[in-house]
Amino acid sequence: MDKMMNFMTNSFTPVANKITKNPWVAAIQEAVMTILPLILVGSLVTILSLLETLISNMPDLSLINTFTFGLIGLFVAFLVPYFVMEKKGYGNKKVITGATSLALYLMLISPVIMEDDKITFILSRFGATGMFLSLVVGLFVAAVMNLFSKKSFFSEDSVIPDFVVTWFDSLIPITLLMFIGWLISVPLNIDFFVVILKIFSPLSSIVQSYPGYVLSIFIPVFLYTFGISGWVMMPVIYPVYLSGLAENARLVAEGKAATNVAVMETAYAFTSMGGIGTTLSLAIIMLFLSKSYRLKAIGRATIVPSLFNINEPLMFGGPVVFNPFLMIPMWLTTIVVSSLTYVVLKLGLVAIPAKTFMLWYIPYPISSYLATQDWRSIILAIVIFAVSYLIYLPFFKAYDMQELQNEQQLQQK
């Protein structure tokens, strides 16, 4: 265990932090964080839709969800290259780069152009299913614009206004990018949207499988126990989760059962009880069963945030981070809880989420019901709490005993 701790501290963590700060990775993370409020609005509409069974004249608010969560592919296409250029130090070109990416994205989702100049788009391609394409387009446009930004037609001491310089320096890369889009769409007649989905389908299949799903939950937790944000994995996992939810929504709309367990809503319904790592039971154990004065105080301080699924105070105050007594049960809990969730949902014992629900701060088991709209999810949430409680308990008792002995030794001095 000591060797692993040393490796994670001295070798792995610096590399992971370097990756997190990489402008390309950071741009994707920041783009996702920027659109979160729009996704939250879609989640509120999902909750309000539950009132339709109680209020006969309840207006249909689904259009709000369509033009918030339903357009995130469009938003990402603009935001990713925008943030890349900003982080690369070319802030004067970030808006035009985002606009170019947006134009190329619209071209590559294969709109149908009528003879009367009307254009028809497939609405679903603007949403979560379009995130793979928007990421590819956004990063490609950013790469080309970044490359051409290293050279300018004008010298630094030119008297020409900066905005004019930016216009002329952007003409060649924008022309090149749009020509590539035209080449793919018109002469080659390739539906690039479908091509990208096929390229990423193996990744989606892996994450939606049992081992892939468990790993997608476990890896962020594992990194978190070493103080590394789970957001490191989001550029890879998040698009898969969102496309999985979009597929679930499509299947349910067609009268079929949802099939993709690996969606963010599953985490907010079951595996993030108290925060990632299912730490609510640990906070309750710490509050009520601690004999150590320090751990009892931490339990009092962290119980309220834990009820609202905020576990940073517990992770760093307990601490769980770099603490083998609590890291090991957190790993075990994550594997067991994600496995239990996957099996129960796949067997159809509880409904698989098929609507947007990103209100992660709503306490369990309320969030479990809201995310799935299935009363049986409450039973599963209770079972998950009991399982996590039983896993954390013996490890915590050993840790509590050690802390109590340390406190007693200090009192004797």
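These legends go with a set of close-up views of a predicted model.

Being predicted, the model has local features taken only where pLDDT is at least 70 and side-chain atom pairs only at pLDDT 80 or more, while totals for chains, interfaces and linings use all residues. Residues are numbered from 1 along each chain as its sequence is written, and side-chain values use heavy atoms, with hydrogens and water left out.

**Figure 1. The whole protein, with its 17 helices and two strands.**
Helices (H or I, at least four residues) and strands (E, at least two) are DSSP runs, numbered from the N terminus. The C-alpha trace spans about 80 × 60 × 35 Å along its principal axes. Of the 413 residues, 48% are buried; here buried means under 20% relative accessible area, exposed means over 50%, and partly exposed is in between (1.4 Å probe, protein chains only). The accessible surface comes to about 19900 Å², and carbon and sulfur atoms own 70% of that. Areas come from the Shrake-Rupley method with a 1.4 Å probe, and for residues only the protein chains shown count as cover. As for contacts (heavy atoms within 4.5 Å), take those between residues at least 6 apart in sequence: 76% of them join residues at least 24 apart.

**Figure 2. Helix α11, wrapped up by its neighbours.**
Eight of the eight residues of α11 (residues 264–271) are buried, so the helix is largely enclosed by the rest of the structure. Walking along α11, you pass Met264, Glu265, Thr266, Ala267, Tyr268, Ala269, Phe270 and Thr271. The cover over these residues includes α9 (210–224), α10 (234–253), α15 (324–346), α16 (366–372) and α17 (376–412).

**Figure 3. A nonpolar patch on the surface.**
Phe179, Trp182, Leu183, Val186, Leu188, Ile190, Val195 and Ile199 make up this patch, and together they have about 700 Å² of accessible area. Two elements, α7 (162–185) and α8 (192–208), give two or more residues to the patch, and α7 gives the most, with three. Trp182 sits in helix α7 and counts as partly exposed at 39% relative accessibility. For the record, patches are made of residues with over 30% relative accessible area and no salt bridge; like charges are joined within 9 Å, and nonpolar side chains (Val, Leu, Ile, Met, Phe, Trp, Tyr) within 5 Å.

**Figure 4. The largest pocket, at about 1200 Å³.**
Of the 47 residues that line this pocket, Leu245, Ala246, Glu247, Ala249 and Arg250 are the closest to its centre. Helix α10 supplies the largest share of the lining, nine residues. Each of α2 (23–49), α3 (62–66), α8, α10 and α16 supplies at least two lining residues. On a 1 Å grid over the protein atoms alone, a pocket is an open set of points where a 1.4 Å probe fits, with protein on both sides within 12 Å along at least five of seven lines; lining residues have an atom within 4 Å of a point. Grid points are joined across faces, edges and corners, and the volume is the space filled by probe spheres set on the points.

**Figure 5. Ser243 and the residues it touches.**
Ser243 lies in helix α10 and is buried, with a relative accessible area of 13%. Leaving aside residues up to four places away in sequence, Ser243 touches Ala128, Phe132 and Ser204.

**Figure 6. The salt bridge between Arg125 and Asp191.**
The structure holds eight salt bridges, each being a side-chain nitrogen of Lys or Arg within 4 Å of a carboxyl oxygen of Asp or Glu. In this one, the closest N and O atoms are 3.0 Å apart. Arg125 is in the loop between β2 (119–120) and α6 (131–149), and Asp191 is in the loop between α7 and α8, so the pair ties together parts that are 66 residues apart in sequence. Arg125 is buried at 9% relative accessibility, whereas Asp191 is partly exposed at 27%.

**Figure 7. A salt-bridge network with Glu247 and Arg250.**
Glu247, Arg250, Glu254 and Lys256 are linked in this network. The side chains of Arg250 and Glu247 meet at 2.4 Å, N to O. These two are three residues apart in helix α10, so about one helical turn separates them. Both are partly exposed: Arg250 has 37% relative accessibility and Glu247 has 28%.

**Figure 8. Lys94 paired with Glu86.**
The closest N and O atoms of this salt bridge are 2.9 Å apart. Lys94 counts as buried at 17% relative accessibility, while Glu86 is partly exposed at 33%.
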